[in-house]
Amino acid sequence: MMVILAVLALAGGVGYGLAGWDFAAVEWLTAHTDLILYALMLLVGISVGNHEGIGQKLREYHVKILLFPCGIVAGSLLGGAVCSLLTHLPLAESEAIAGGLGWYSLTGVTVGKLSGAQLGSIAFLSNLLRELFAFFSIPFLARKLDGYSCIAAAGATSEDTTLPMMIRYTDGETVVLSVLNGVLCSACVPVILSVCYSLGG
C-alpha cells in the first residue's frame, strides 16, 4: 500500500509541475523541503530512541559500522568503472557520477559545473533513479534478503528519503544502522567527487 501511495504521490507531483499551477501551500512546501526533512528526522529520532537496546547495539558495532559505507562506496565505484567501459565515458567522470551514491542534487550540480550540462543531467538522473530504485525495491529486499541489503541499495539516501521505507519494512536496529550509514555516505560524496576530478586531471 505504501508503494502504491508513493507512486500516486510521484505521479501527482509530476502532473502538478506539468500543469503549471501555482498554489501557495504547495509552493511553500517545495521551498521548505529542508524543514520537512528536519521534522521527519526528529520524528524518526524519537521513534528510534523508543526502541530498547539501541544504545547497546551501537556499542556492539563500533568500527564495524564503517563496513556499510565502505562496501557501498566500493561497489558504486566498481559499477562506475564498468559503466565507463560500456558507455566510453572518461573514467573520472563515470566514477564521479556513480560516486554520488544517490545524492542527485549535489552530484548533478557538481558534475554539471565541472563537465557541462549534459553530464550534469546524466549525473542527476542516474542518482535520482538509484534513489527511486532503492525506494521501490526495499520491500522486496527486506522480504527476500535482509535489512543490510536495503541499506546497501539506498546508499546516501538511507538517512532521509528512503528512511520511511526502512522504518516500515525493517527493524529498529536496521533503522539505526541506516541513519548512520546515510550520514557517512553523504559525507563521502563531496570527497569522492573531488578525488575523481583531481585524479582525472
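This is a chat between a learner and a modeller about reading a few features of a predicted model.

Colleague: Let's start with the overall picture. How many helices and strands does the chain have?

Modeller: Keep in mind that we're looking at a predicted model. The chain has 11 helices and zero strands, so from the N terminus on you meet one α element after another, as the order α-α-α-α-α-α-α-α-α-α-α shows. Of the 201 residues in the chain, 35% are buried.

Colleague: Okay, let's pick one helix. What should I look at in α5?

Modeller: Start with its span. Helix α5 covers residues 67-87, which is 21 residues. From the first C-alpha to the last it reaches 30 Å, close to the 30 Å expected at 1.5 Å a residue.

Colleague: And which residues of α5 are buried?

Modeller: Here's the general idea: an α-helix has 3.6 residues a turn, so residues three or four places apart point the same way. Now the case here. The buried residues of α5 are Phe68, Pro69, Ile72, Val73, Ser76, Gly80 and Ser84. Look down the axis of α5 and these buried residues fall within an arc of 140°, so they line one face of the helix.

Colleague: What does the face of α5 turned away from its buried side carry?

Modeller: That face has the exposed residues Leu67, Cys70, Leu78, Leu85 and Leu86. One more thing to spot: just after α5, His88 takes a positive phi of about 65°.

Colleague: Now pockets. How do I find empty space in a protein?

Modeller: Rolling a probe the size of a water molecule over the atoms shows where empty space is left. In this model, the second largest pocket holds about 370 Å³ of space. Its lining has 18 residues, and Ser76, Gly79, Gly80, Cys83 and Ala98 lie nearest its centre.

Colleague: Which helix gives the most to that lining?

Modeller: α5 again, with eight residues. α5, α6 (91-98) and α8 each supply at least two residues of the lining. Notice that Ser76 and Gly80 turn up twice: they are among the buried residues of α5, and they are also among the residues nearest the pocket's centre.

Colleague: On to rings. How many aromatic pairs are there in the whole structure?

Modeller: A search finds six. To read a pair, check the distance between ring centres and the angle between planes. For Trp21 and Phe23, the centres are 6.2 Å apart and the planes are at 50°, so the pair is tilted. Trp21 is exposed, at 52% relative accessible area, while Phe23 is partly exposed, at 47%. Tyr104 and Phe124 form an edge-to-face pair, with 5.2 Å centre to centre and 85° between the planes.

Colleague: Where do Tyr104 and Phe124 lie?

Modeller: Tyr104 lies in helix α7 (residues 104-115) and Phe124 in helix α8 (residues 117-144), so the pair ties together parts that are 20 residues apart in sequence. Tyr104 counts as partly exposed at 24% relative accessibility, and Phe124 is partly exposed too, at 33%.

Colleague: Which residues do ring pairs link into a cluster?

Modeller: Tyr16, Trp21 and Phe23. Rings can also meet charges: the charged end of Arg168 sits over the ring of Tyr169, 5.0 Å from its centre.

Colleague: Last one. How far apart are Ser115 and Tyr197 in sequence and in space?

Modeller: They're 82 residues apart in sequence and 9.6 Å apart in space, C-alpha to C-alpha. Ser115 lies in helix α7 and is partly exposed, with a relative accessible area of 22%.

Methods:
Residues are numbered from 1 along each chain as its sequence is written. This is a predicted model: local features need pLDDT of at least 70, side-chain atom pairs count only at pLDDT 80 or more; totals for chains, interfaces and linings use all residues. Side-chain values use heavy atoms; hydrogens and water are left out. Helices (H or I, at least four residues) and strands (E, at least two) are DSSP runs, numbered from the N terminus. The expected span of a helix is 1.5 Å times one less than its number of residues. Buried means under 20% relative accessible area, exposed over 50%, partly exposed in between (1.4 Å probe, protein chains only). The arc is that of the directions from the helix axis to the C-beta atoms. Rings of Phe, Tyr and Trp (its six-membered ring) pair if their centres lie within 6.5 Å; planes under 30 degrees apart count as stacked, over 60 as edge-to-face and the rest as tilted. A charge sits over a ring if NZ of Lys or CZ of Arg is within 6 Å of the ring centre and within 35 degrees of the ring normal. On a 1 Å grid over the protein atoms alone, a cavity is a set of points where a 1.4 Å probe fits but cannot get out, and a pocket is an open set with protein on both sides within 12 Å along at least five of seven lines; lining residues have an atom within 4 Å of a point. Grid points are joined across faces, edges and corners, and a volume is the space filled by probe spheres set on the points.
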